[in-house]
Amino acid sequence: MQAYHYHTTVTKEHGILLPRLPLEPGQAVSVTIEPTPKSKTKRNFPLRGLPFAYRDPFSPAVDPDDWNMLRDDPA
């Protein structure tokens, strides 16, 4: 038998919603509720969703003169 796993939150009315279940109406199911432990650190991604662009993605990351300096090093 196929098992389905959902992540959801408890509503203000102390219930849960599982929309669009891939089951037939009237089909019997077994439900197990397991609370997810709260994370100790809050993830903060302040730049998520902001637009970005690469100005010159194929240009060298380091000035070529800096590489030439290393080439002349006798070590």
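**View 1. Phe52 and Tyr54 are both exposed.** This is a predicted model, and we start with two rings that meet in it. Phe52 and Tyr54 make up an aromatic pair of the edge-to-face kind. Their ring centres are 5.8 Å apart, and the two planes sit at 80 degrees to each other. Why does that angle count as edge-to-face? Because planes over 60 degrees apart are put in that class. The structure holds 1 aromatic pair, so once you've found these two rings, you've got the full count.

**View 2. Arg48 lies over the face of Phe45.** Here's another ring to look at, this time with a charged partner. How far is Arg48 from the ring centre of Phe45? The distance is 4.5 Å.

**View 3. Ten residues make a nonpolar patch on the surface.** To trace the patch, look for Tyr4, Tyr6, Val10, Ile16, Leu18, Leu21, Leu23, Val29, Val31 and Ile33. Together they offer about 900 Å² of accessible area. Let's pick out one of them, Val29, which belongs to the segment before helix H1 (64–71). Is Val29 buried or exposed? Val29 has a relative accessible area of 53%, so it counts as exposed, the cut-off being over 50%.

**View 4. Leu18, one of the patch residues, touches Tyr6 and Thr8.** Those contacts leave out residues up to four places away in sequence. Leu18 and Tyr6 are 12 residues apart along the chain, yet in space their C-alpha atoms are 7.7 Å apart. You'll find Leu18 in the segment before H1. Leu18 has a relative accessible area of 35%, and because that falls between the 20% and 50% cut-offs, it is called partly exposed.

**View 5. His14 and Arg20 each have a positive phi.** Most residues other than glycine have a negative phi, so a positive value is worth a second look. For His14, phi is near 65 degrees. Arg20 isn't a glycine either, and its phi is about 55 degrees. Where does His14 sit? His14 is in the segment before H1, and so is Arg20. His14 is exposed, with a relative accessible area of 72%. Arg20 is exposed too, and its relative accessible area is 77%.

**View 6. The whole protein has 1 helix and 0 strands.** Time to zoom out from the close-ups. How many of the 75 residues count as buried? The share is 0%. Buried means under 20% relative accessible area, so that 0% tells you how many residues fall below this cut-off. The accessible surface of the protein comes to about 8,700 Å². Carbon and sulfur atoms account for 57% of that surface.

Key: Residues numbered from 1 in each chain as written. Predicted model: local features only at pLDDT ≥ 70, side-chain atom pairs only at ≥ 80, totals over all residues. Heavy atoms only, no water. Helix = DSSP H or I, 4+ residues; strand = E, 2+ residues; numbered from the N terminus. Buried < 20%, exposed > 50% of the residue type's maximum accessible area, 1.4 Å probe, protein only. Areas by Shrake-Rupley, 256 points an atom, 1.4 Å probe, with all protein chains shown as cover. Patch = residues over 30% accessible without salt bridge, like charges linked within 9 Å, V, L, I, M, F, W, Y side chains within 5 Å. Salt bridge = Lys/Arg side-chain N within 4 Å of Asp/Glu carboxyl O. Contact = heavy atoms within 4.5 Å. Phe/Tyr/Trp six-rings, centres within 6.5 Å; stacked < 30°, edge-to-face > 60°. Lys NZ or Arg CZ within 6 Å of the ring centre and 35° of its normal.
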